[in-house]
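Here are some notes to read beside the structure. Take the points in order and find each residue in the view as it comes up.

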Amino acid sequence: MSIVEERARAMARRYNLNEIRIPLMERIDLYQRSTGETSDIVSKQMYMVKRSEGVADEMILRPEGTPGVVRAYIEAGLDRSDPYQRYFYSGPMLRYERPQKGRYRQFNQFGVEIFGRADAACDAELMIMIDDLMHDLALAVRFEINSLGHDRPDCRPRFRAALLEYGRAHFAELCDDCHQRLERNPLRLLDCKIDAERVAQSAPKSLDYLCDECRKHFEAVQEFLAGANVPFEVKPSLVRGLDYYTRTAFEVVSAAVGSQSAVAAGGRYDGLVKELGGAAIAGTGFAIGVERTALAMQAGDFKAGPDAALVGLGEQANLAAMIMAHELRGRGLRVEVLPPDRRLKAALTIASRMNATYAVIIGEDELARGTAQVRDLKNSTQREVACDAVVGELAAAVASCA
């Protein structure tokens, strides 16, 4: 398990999220009805599954997690019996595209989906979760947010009509993909992989077409984020590459990843459960790209290491170190016992390279006195502690820094 997923799972526990596991294969129509036939994922990037005789089986390898979670939620009858649910999932996704740094044909996502909450506070909570996780990973990010409005006649349909009119008026300037998508889904103009920036500057903005209810919802999201000190900027051209989003949509961007700068993204999908055959239940969620986040961390200051590295100098001292390590692990600490055949200087060099917080040294003299040398590798201090007190002191010290 990567450090990104390890910390994400710890975050999920703090936010009272329950794990859900979804299959790697799904029926193709699930994604056609949710992610959208005009999206790049469905139109270009899905891997079809064929039986041995070569006949397409209408199954695909999942390219994203949300539709599978929604399907499972509906099939379990929770949309009618117990609508309010909080889930997280993790695992590989597969998309056919040109591999490059930060973009792979198989990649891992950690995602969160919350059902039964239509309020702005829930949208903000998702972004606060991500912000907490990124702080934990020592990764500086910013949030780009927008509202796409709702499907009521006085809201997103007006924006869609304005984009369609714009696209028809500028048809000769659009790429071939946009020509094909324009009539079916003009919002895809703003997600163009070739000319999105130019289109975004001159095309209609979704915020100009929001109904009063959606405008208030979006303002409330911003108030919650500001109150939680989450850094964000409003990006009116942001639509995301998936068709099911309503109201809030967001991306989480890190400058450390280069051109593939989005390390996480998400938004609200209030119509998706009903679209897939369930009740009219609100939903909202996000997904974090595990590999992209790890790449961003490599360029930053984050270094994962054990809480303590134990050094036993001699056969009996090494046995004492093994026993102490077992007790420390029982207290939830991450611990490694270093090879007993290394000299002290070499062992401490290994402990520093692995970015351990503490080194615990037990030699023959310490063994005779019933003590251990506890060295704080971050502050370059060392003191002698009774062996029966080391476990408690280290556990308390690590807990105070968590």
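The points below deal with the nonpolar cores, then the aromatic pairs, then one hairpin.

1. Please keep in mind that this is a predicted model. The positions discussed here are computed, and the notes should be read in that light.

2. Start with the largest nonpolar core, which has 44 residues. Within this core, the residues that touch the most other members are V112, M129, F143 and F286. Helix α6, residues 120-136, supplies the largest share of the core, with nine residues. There is also a second core, separate from this one, with 42 residues. Among its members are L78, L163, L182 and A249.

3. Which residues does F143 contact, if neighbours within four places in sequence are left aside? On one side of it in the numbering are M127, I130 and D131. The other contacts are V230, P231, F232 and E233, together with F250, E251 and V252.

4. Turn next to the aromatic rings. A pair of rings is described by two values, the distance of the centres and the angle of the planes. The model has seven aromatic pairs. In one of them, F88 and F110, the ring centres are 5.4 Å apart and the planes stand at 20 degrees, so this pair is stacked; the cut-off for stacked is under 30 degrees. F88 belongs to strand β5 (residues 85-94) and F110 to strand β6 (residues 106-115), so the pair ties together parts 22 residues apart in sequence. F88 and F110 are both buried.

5. Compare the pair F115 and Y269. Here the centres are 6.3 Å apart and the planes are at 70 degrees, so the pair is edge-to-face. F115 lies in strand β6, while Y269 sits in the loop between β10 (262-268) and α11 (272-275). The pair therefore links distant parts of the chain, 154 residues apart.

6. Are F115 and Y269 buried or exposed? F115 has 0% relative accessibility, so it counts as buried. Y269 has 1% relative accessibility and so counts as buried as well. Both residues also belong to a cluster linked by ring pairs, together with Y73, Y87, Y244 and Y245.

7. Last, look at the hairpin of β15 and β16. Strand β15 covers residues 371-376 and strand β16 covers residues 381-386. The two strands run antiparallel and are joined by six bridges. V374 stands opposite R383, which is in β16. Four residues lie between the strands of this hairpin, and S380 takes a positive phi near 55 degrees.

Methods. Residues are numbered from 1 along each chain as its sequence is written. This is a predicted model: local features need pLDDT of at least 70, side-chain atom pairs count only at pLDDT 80 or more; totals for chains, interfaces and linings use all residues. Side-chain values use heavy atoms; hydrogens and water are left out. A nonpolar core is a set of buried Ala, Val, Leu, Ile, Met, Phe, Trp, Tyr and Cys residues joined through side-chain atoms within 4.5 Å. Buried means under 20% relative accessible area, exposed over 50%, partly exposed in between (1.4 Å probe, protein chains only). Contact means heavy atoms within 4.5 Å. Rings of Phe, Tyr and Trp (its six-membered ring) pair if their centres lie within 6.5 Å; planes under 30 degrees apart count as stacked, over 60 as edge-to-face and the rest as tilted. Two strands pair if DSSP finds at least two bridges between them.
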